[in-house]
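Dear colleague,

Please find below the structure that I am handing over to you. My notes on its contents follow directly after it.

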Amino acid sequence: MKFDTLIIGGGLSGLVCGIRLAKQGQRCAIVSSGQSALHFSSGSFDLLNALPDGRVVENPLEAWEELAQQAPQHPYVKLGRAMMEELAAEVPGLLGAAGVLVQGTADKNHRRFTPLGELKPTWLTLEGYAVSREADRLPWKKAALFNIAGFLDFYTGFIVGGLEKWGVECTTRLFNMGALEHLRKNPSEMRSANIARVFAVQENLEELGRVLQRNAGDAEVILLPAVLGLERTHALAYLREVAGKEVLVLPTLPPSVPGLNAQLQLRKYFQELGGTYMLGDSILRAEIEDARVMRVYSYNHGNISFVADHVILATGSYFSQGLVATSDRIYEPVFGLDIDYPVDRENWLDLRFFARQAYQSFGVKTDECFRGMKDGQPLSNLYVAGAVLGGFNALKEGCGAGVSLLTALDVARQIIDKC
């Protein structure tokens, strides 16, 4: 099978890269093994929340120079500040074109809620989520927090505590609906994605609207768990009209309904642009000649090879087995690319659970153009994007989504410029 570009990995990075290339007329294929990190998303995309030394970042673009001093191998440093700024400005429009509407700017982080009611800085948040533009206050004085009886993945006690800490008077309302009873029979079924399918039925959404209207009282804003919009994208707008108040959602524990929806919307857009999306397949091996990827082989296609002018590795980190760790080594399983990590395993981690963990910064070595290195030499047509890259700590620096998005766009830009 011949393509202009083959993308290995169907998460955020792979989809955005594929969309950017397909819009330029490239014949692209994405091979995806299954779930991506989007399925566990909080509803926000971080660009840079903290420097490696722990200092909180308010303006990610202005923090570039300090980041370059502290982490010279960071993907943003390879991009350069001007390119980082240019690509960050491109992201909201690309996501919006796919139906993934976001709020926020790269020149100032806003605050978003965690599932435990804390506020954390972030770059972009999906429309409909409750956020604060300011770091020290929330935009309401009175809120009504609704939850579904028996739904255990939404901690109203923590959320109320977080709201009250910022001066918001919050009342809680627990409600029930007959349409949810079949989920309640088995606790494992009372999950956000299953609840969202119930509210995809118009009559159930209408009943929810009546519940909100009757019980919101004098609250300025109604807050709900993020269990809407998996199939009905205008559910929040409908509820606002019925309730006569602002209605916003807060993140739940995974799975993430907005994350699932974002994945579906991006995939749909990629396919509408002519892209081929192969779900449930894994790339097993590759043939490399003269520092160039010639053919790759997948589990489902056996001896039928994929041939492409360019190949993009966007397989993610340990979570999706883009990187594999054993007792004595860390390796990239498809191409055997060079990984930057210390041989002594004691240097991989800190026994203090919440400390900065070194292994989270390990990843594939690349040159300045994000071409993957093998035996110290870049492969001429293999690019690497997203979480499989080394040089950054997504958890401590709050930059995972930003690295995925910006490196994907930069790799796509380079391929387009060559064609």
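**Helix 7 and its surroundings**

The buried residues of helix 7 are covered by elements that include strand 9, strand 10, helix 6 (181–184), helix 8 (202–215) and helix 10 (257–272). Please bear in mind throughout that this is a predicted model. Helix 7 spans residues 192–199, and it is largely enclosed by the rest of the structure because six of its eight residues are buried. The buried positions are Ser 192, Ala 193, Ile 195, Ala 196, Val 198 and Phe 199.

**The parallel sheet**

Strands 9 and 10 also belong to an open sheet of four strands, ordered 10-9-11-12 and paired in parallel. Its edges are formed by strand 10 (169–175) and strand 12 (246–250), each of which pairs on one side only. On average, and with direction ignored, neighbouring strands of this sheet are turned by 25 degrees against each other. Helix 9 (residues 235–243) packs on the sheet, where it touches strand 11 (221–225) and strand 12; the direction of helix 9 makes about 140 degrees with that of strand 12. Between strand 9 (residues 142–148) and strand 10 there are seven bridges, and the two strands run parallel. Within this pairing, Lys 142 stands opposite Glu 169 of strand 10.

**Two hairpins**

Strand 5 (residues 110–113) is covered on both faces: His 110 and Arg 112 on one side, and Arg 111 and Phe 113 on the other, are all buried. The general background is that side chains in a regular strand alternate between the two faces of the sheet. Strand 5 runs antiparallel to strand 6 (residues 119–122), to which it is joined by four bridges. Here Arg 111 has Pro 121 in strand 6 as its bridge partner. The two strands make a hairpin with five residues between them, and Gly 117 in the turn has a positive phi of about 85 degrees. Strand 5 also pairs with strand 8 (residues 131–132), in the antiparallel sense and over two bridges. In that pairing, Arg 112 has Val 131 of strand 8 as its bridge partner.

A further hairpin is formed by strand 14 and strand 15, with two residues between them; Asp 290 in its turn has a positive phi of about 50 degrees. Strand 14 (residues 283–289) and strand 15 (residues 292–298) run antiparallel and are joined by six bridges. Arg 285 stands opposite Tyr 297 in strand 15. The side chains of this pair deserve a look as well: Arg 285 lies over the face of Tyr 297, at 4.0 Å from the ring centre.

**Aromatic pairs and the loop at Thr 326**

How many aromatic pairs does a search of the whole structure find? The search gives eight. One of them joins Tyr 155 and Phe 158, whose ring centres are 5.9 Å apart and whose planes stand at 75 degrees, so the pair is edge-to-face. Tyr 155 is partly exposed, with a relative accessible area of 32%, whereas Phe 158 is exposed, at 51%. Tyr 341 and Trp 348 also form an edge-to-face pair, because their planes stand at 85 degrees, with the ring centres 5.7 Å apart. Of these two, Tyr 341 is partly exposed, with a relative accessible area of 23%, and Trp 348 is buried, at 4%. Ring pairs link both of these residues with Phe 362 into a cluster, which thus comprises Tyr 341, Trp 348 and Phe 362.

Trp 348 is also touched by Thr 326, whose contacts beyond four places in sequence are Tyr 331, Arg 345 and Trp 348. Thr 326 lies in the loop between strand 17 (324–325) and strand 18 (330–331), and is partly exposed, with a relative accessible area of 29%. The side chain of Thr 326 makes a polar contact of 2.9 Å with the side chain of Asp 328. Tyr 331, for its part, has Arg 329 lying over its face, at 4.1 Å from the ring centre.

**Asn 381**

Is Asn 381 buried or exposed? Asn 381 is buried, with a relative accessible area of 0%. Its place is in strand 20 (residues 377–384). A polar atom of the Asn 381 side chain lies 3.4 Å from the backbone oxygen of Asp 309. Apart from neighbours within four places in sequence, Asn 381 is in contact with Arg 292, Val 293, Ala 308, Asp 309, His 310 and Val 311.

With kind regards

Note on methods. Residues numbered from 1 in each chain as written. Predicted model: local features only at pLDDT ≥ 70, side-chain atom pairs only at ≥ 80, totals over all residues. Heavy atoms only, no water. Buried < 20%, exposed > 50% of the residue type's maximum accessible area, 1.4 Å probe, protein only. Polar contact = N/O pair within 3.5 Å; in protein donor to acceptor, adjacent residues only side chain to side chain. Contact = heavy atoms within 4.5 Å. Phe/Tyr/Trp six-rings, centres within 6.5 Å; stacked < 30°, edge-to-face > 60°. Lys NZ or Arg CZ within 6 Å of the ring centre and 35° of its normal. Pairing = 2+ DSSP bridges. Axes fitted to C-alpha atoms, helices over the stretch in contact; angles between N-to-C directions.
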